[in-house]
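Colleague: Could you show me how to read empty space and helices in a protein model? I'm new to this, so go slowly.

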Amino acid sequence: MLKVCHLKKKYNQTEVLKDIHFEINKGQVIAVIGPSGSGKSTLLRCLNFLETPNDGTLEFMGRKIDVKSAKKEDIAFIRQHSAMVFQQFNLFRYKTVLENVMEGLTVVQKKKKAEAKEIAELYLEKVGMQNKYHFYPRQLSGGQKQRVGIARALALQPEIILLDEPTSALDPEMVGEVLDVIRKARENGYTMIIVSHEMNFVYEIADHVLFLDNGYILEQGTPQDIFLSPKEERTRQFLSRVNIQKEGIE
Amino acid sequence: MKKRHRIFLVIGVIALLLSGCSTQKKNEVTKILVGTDGDTRPYTYYDENKQLTGYDIAVVKALDDLLPQYQFEFEVTEFSSIFAGIDSGRYQMGANNISKNEERERKYLYGDQYYLYNNAVIVTNKDRTDIHSLKDLAGKTTPVKPSGSFLQAFMEKYNEDHPDGQIAYFYSEQDNLKTYQDIMNGTVDFLLSEEIIIDTMMDEYNLDLQIIPLEHEETIQVMKPEGYFIFPKTSEGEKLKSDVDQAILTLIDNGTLSELSKEYLGRDYVANIQTTATEQTTNNGMANLFDLKLVFTQIPKILAYLPTTLLITVVSAAISFILGFVIAIVKHKKIPVLTQFFNFYVSFMRGTPILVQLYLTFYGIPILLQYINYYQGTAYSTNSIPPVLFVIIAFAFNEAAYSSESIRAGLEAVDKGEQEAALSMGMSPLQTFFRITLPEALVIALPALGNSLVGLIKGTSLAFTCAVVDITAAGKIMASRNYRYFEGYISVALIYWAMTIIISWLLKKLEKKLKADEQEVTDDVESMSLEKEI
């Protein structure tokens, strides 16, 4: 449902994304891994135009968008049918947990307050935050904040969810609770692109893995392909530091 | 004794002798600091060479020659501060064509011998035919400086005594030149002045005005025509007074005073002076130095003008907030042309004192109106614009420059991540701005904006420069009547302090309410720990 062709992004003179080309189908989970500075976050942020790509085309839900001539309506279309989960959570600080999740529903999807509240409560329950409706982000732990962030994204029932290193800012104790939530989302059939350093999790959850290096997709394939039999030297080098627990693999 | 020690001894003795000599000399000459306002032609003013000159100054200098045991020096200050200065002991004498009235006599020592005799006149537009005497002044407008002058005392008393024929005077600090212009262009009806002063002014400035002299009976209602020097009610003051009295008589006898009159006043006004002046000065003893009770009893009277202060503050604050907001957005979004214009605007507003801006507004807008009238053929008159509007405009424009920077800082400090979250879920930039960015920017900017507000409240104390009577002006006017300047300004200070305390408290509450997320987490901490156990 999303096709990315020849995506390029330049910051001043530095080319950060050099020619990105991949496809994702409904219900799939694609993971993007790679060394720092390889352009992983930039790639994600270009998809919903938080960064403006310089060249390429996106085909999203049948709509073809040329990045160079993207109109306001095109960008709005992408954003209204996608949702993002941020490394720094980015919850609205002067709104309660419940209000945070309701915000997109009432303002963007123009739902009535009562309906929005119901949906928000439902999704907050799904991530285990049902006791904290009237808390403010300041009063939550990192893991709790991210769970709210995910609920906020899920409640919009987007076509695709973009997760930008969702656990990188969490201490090890809280990473687990957030991965559980993402796991559940996957089980519920959500289409996701996730940038992460949690290699075990990626191995477990992804249908397809993109290894990004220096602005290129150096290698892509199934988790087994990439983690167990990487073709490129660089990929091997990167993964050599990673110990994949190979339980439960066929 | 060693040679070195002997040299020191010699030096020490010489030093002692010398110092002994100088103290002797000091005992011989007493320095007299004379308070004068340097702003009353032709008695005390600055000439083209920036020298202090005038009839009063010349007379004092003549006295200086006659009285070698004193050395007279001048200090220029506001008219009302001459009195305050004698109170505090700073001045030993006041020279400003000061006339005698009961209140002043209670506190200050008047010379027995006056040195000037004057007549009162009404100054009007040259085409008027309806004013001939005091009773014709009923309902006519004139500005009065609350400087504690004879004119102020007369106006207040006259209106008390003639409730049906009151003069429509208003307090203002505008200088006489502006008043003459106002008379000529019809903004103001008349000015009560002194014959000597107006004669000099007419010559000096080629004014096209009508002068209506008052009959003697009316002159003495308006003012005591005699001008006196004043002294503090101390033993040194008494001594100085009698020495000066003698010296004035000498100057009259040897014709010096007549010469000075001709030189500085245009003709010989000395002939009217009687030298048998032995008026009893009612000495009620040393007036109280400080009346604490008065500080508090005056407060209700000053509070009557609190609505004006609040009106200016609130309206200016509201306008400046909106304007500041617009400027902040323009700068934040870097809108071309407008950004440069506003940079210039902010630089000027923050770079010039508000007092100067008030003067520019007060004196500039009538001129602007005249230009508009001339080129558009309209007939707008400054009369139709209440002065309080000038004041509000000046403060609003000034405050906006400061607010804009506070708001802009707030806008730029809002967490970008939250704004991205809003955008990523499909909110338009406009929605993001109003729902996320703006509320947070205002919370961040609130302390700085609150500071500006507190500054604005106190800044309104300058409103009187545009003839608007706020609480500071009210305090000044009250003090000019009873000469209790210190007490009057303490009353005013207390009122401002009370206001700022209240405003600060309100702002703190507002900040707390907006930062909704900083709340106590008592019950919920328990439930959180309970969860963990389960």
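Modeller: Let's begin with the second largest cavity. This is a predicted model, and in it the lining of that cavity divides into seven nonpolar residues, one polar and one charged.

Colleague: How do people find a cavity, and which residues line the second largest cavity here?

Modeller: Rolling a probe the size of a water molecule over the atoms shows where empty space is left. In this case, the lining is made of A83(A), M84(A), F86(A), R152(A), A153(A) and L156(A), along with A421(B), S424(B) and M425(B). At least two lining residues come from each of β6 (82-85) and α5 (142-155) of chain A and α16 (416-424) of chain B. The volume is about 40 Å³.

Colleague: How many cavities of 30 Å³ or more does the structure hold?

Modeller: Three. The largest cavity has a volume of about 70 Å³. Its lining residues are L2(A), L47(A), N48(A), L58(A), F60(A), I78(A), S82(A), I160(A) and L162(A). Look at β4 (55-60) and β7 (160-164) of chain A, since each supplies at least two of the lining residues. By class, you get seven nonpolar, two polar and no charged residues.

Colleague: And what is the volume of the largest pocket?

Modeller: A pocket is open, whereas a probe in a cavity cannot get out. The largest pocket here holds about 1,300 Å³ of space. It has 49 lining residues, and the closest to its centre are D37(B), D39(B), K145(B), S147(B) and Q174(B). Sorted by class, the lining has 22 nonpolar, 17 polar and ten charged residues.

Colleague: Now helices. How far apart are the end C-alpha atoms of helix α14 of chain B, and why does that agree with its number of residues?

Modeller: The trick is to compare an expected span with the model. Helix α14 of chain B (residues 354-376) has 23 residues, so at 1.5 Å a residue it should span 33 Å; the end C-alpha atoms are 31 Å apart, which agrees.

Colleague: Where does α14(B) bend?

Modeller: At G364(B), by about 35°. Within four residues after that comes a proline, P366(B). Just past the helix you'll meet G377(B), whose phi is positive, near 70°.

Colleague: Which residues of α14(B) are buried, and what covers them?

Modeller: "Buried" here means under 20% relative accessible area. In α14(B), the buried residues are I354(B), Q357(B), L358(B), T361(B), F362(B), P366(B), L369(B) and N373(B). Their cover includes α6 (176-184), α13 (338-351) and α15 (387-413) of chain B.

Conventions. Residues are numbered from 1 along each chain as its sequence is written. Chains are lettered from A and ligands numbered from 1 in the order in which they are written. This is a predicted model: local features need pLDDT of at least 70, side-chain atom pairs count only at pLDDT 80 or more; totals for chains, interfaces and linings use all residues. Side-chain values use heavy atoms; hydrogens and water are left out. On a 1 Å grid over the protein atoms alone, a cavity is a set of points where a 1.4 Å probe fits but cannot get out, and a pocket is an open set with protein on both sides within 12 Å along at least five of seven lines; lining residues have an atom within 4 Å of a point. Grid points are joined across faces, edges and corners, and a volume is the space filled by probe spheres set on the points. Ala, Val, Leu, Ile, Met, Phe, Trp, Tyr, Cys and Pro count as nonpolar, Asp, Glu, Lys and Arg as charged, and the others, Gly among them, as polar. The expected span of a helix is 1.5 Å times one less than its number of residues. The bend at a residue is the angle between axes fitted to the seven residues ending there and the seven starting there. Buried means under 20% relative accessible area, exposed over 50%, partly exposed in between (1.4 Å probe, protein chains only). Contact means heavy atoms within 4.5 Å.
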